[in-house]
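User: Please take a close look at the salt bridges of this structure. I should like the criteria stated alongside the findings, and the answer given as one connected account.

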Amino acid sequence: GAPVKGKAVPISQVSDPTFGEEILGKGVAIQPEDGKIYAPADGTIEMLFDTKHAVSMTTTEGVELLVHIGLDTVALKGEHFTAHKGNGDAVKKGDLLISVDLEAVKAAGYDVITPMVVCNTSDYQTVEAVTGSDVNPGDTVLILKK
């Protein structure tokens, strides 16, 4: 499911080649409309970065997901970000993970596009992004086939 309210776009539209060229894996990106980042599926938080700009989790089905809020936002060192869950926490789809002041991040000069990547893409026959529409948290944005 979508981790944030906004417009779902192909990950190729992300200017950072790590995401746009699918170096970390296939996925989708959201142009966020608000600063509330939710669990895209049931699972476990594997790593909430100290800087709170990104979170990785493993879903109950074994999908390794990375949600990265904005580009190069690690440089903010956690400023404008608030974590609501932590490492090792079990989460349900729709649980609030991170809040971010998007306007402050934009004002600091950062792109707030939010890629969500399947880090174990090779475990799946296909990872298909559902893009081109406005989404609410939890709406389907990735379809995986084993």
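Analyst: This is a predicted model, in which local features need pLDDT of at least 70 and side-chain atom pairs count only at pLDDT 80 or more, while totals for chains, interfaces and linings use all residues. Residues are numbered from 1 along each chain as its sequence is written, and side-chain values use heavy atoms, with hydrogens and water left out.

Side chains of opposite charge can pair when their charged atoms come close. The criterion for a salt bridge here is a side-chain nitrogen of Lys or Arg within 4 Å of a carboxyl oxygen of Asp or Glu. A search of the whole structure returns 4 such pairs. Among them is the pair Glu33 and Lys5, with an N to O distance of 3.8 Å. Glu33 belongs to the loop between strand 2 (27-32) and strand 3 (36-38), and Lys5 to the segment before strand 1 (6-10), so this salt bridge ties together parts that are 28 residues apart in sequence. Strands (E, at least two residues) and helices (H or I, at least four) are DSSP runs, numbered from the N terminus.

Solvent accessibility is classed by relative accessible area: buried is under 20%, exposed is over 50%, and partly exposed lies in between (1.4 Å probe, protein chains only). Glu33 is partly exposed at 48%, and Lys5 is partly exposed at 31%.

A further salt bridge joins Glu22 and Lys26, at 3.1 Å from N to O. Glu22 has a relative accessibility of 32% and is partly exposed; Lys26, at 33%, is also partly exposed.

The pair Lys106 and Glu103 meets at 3.4 Å, N to O. Both residues lie in helix 2 (residues 102-107), where they are 3 residues apart, about one turn of the helix. Lys106 is partly exposed, with a relative accessible area of 38%, whereas Glu103 is exposed at 52%.

The sheet that includes strand 3 gives further context. Three strands form this open sheet in the order 3-9-7, with antiparallel pairing. Strand 3 and strand 7 (81-83) stand at the edges with a single partner strand each, so one side of each is left without a neighbour in the sheet. From one strand to the next, the twist averages 20 degrees, where axes are lines fitted to C-alpha atoms, for helices over the stretch in contact, and angles run from 0 to 180 degrees between N-to-C directions. Two strands count as paired if DSSP finds at least two bridges between them; strand 7 and strand 9 (residues 96-100) are joined by 3.
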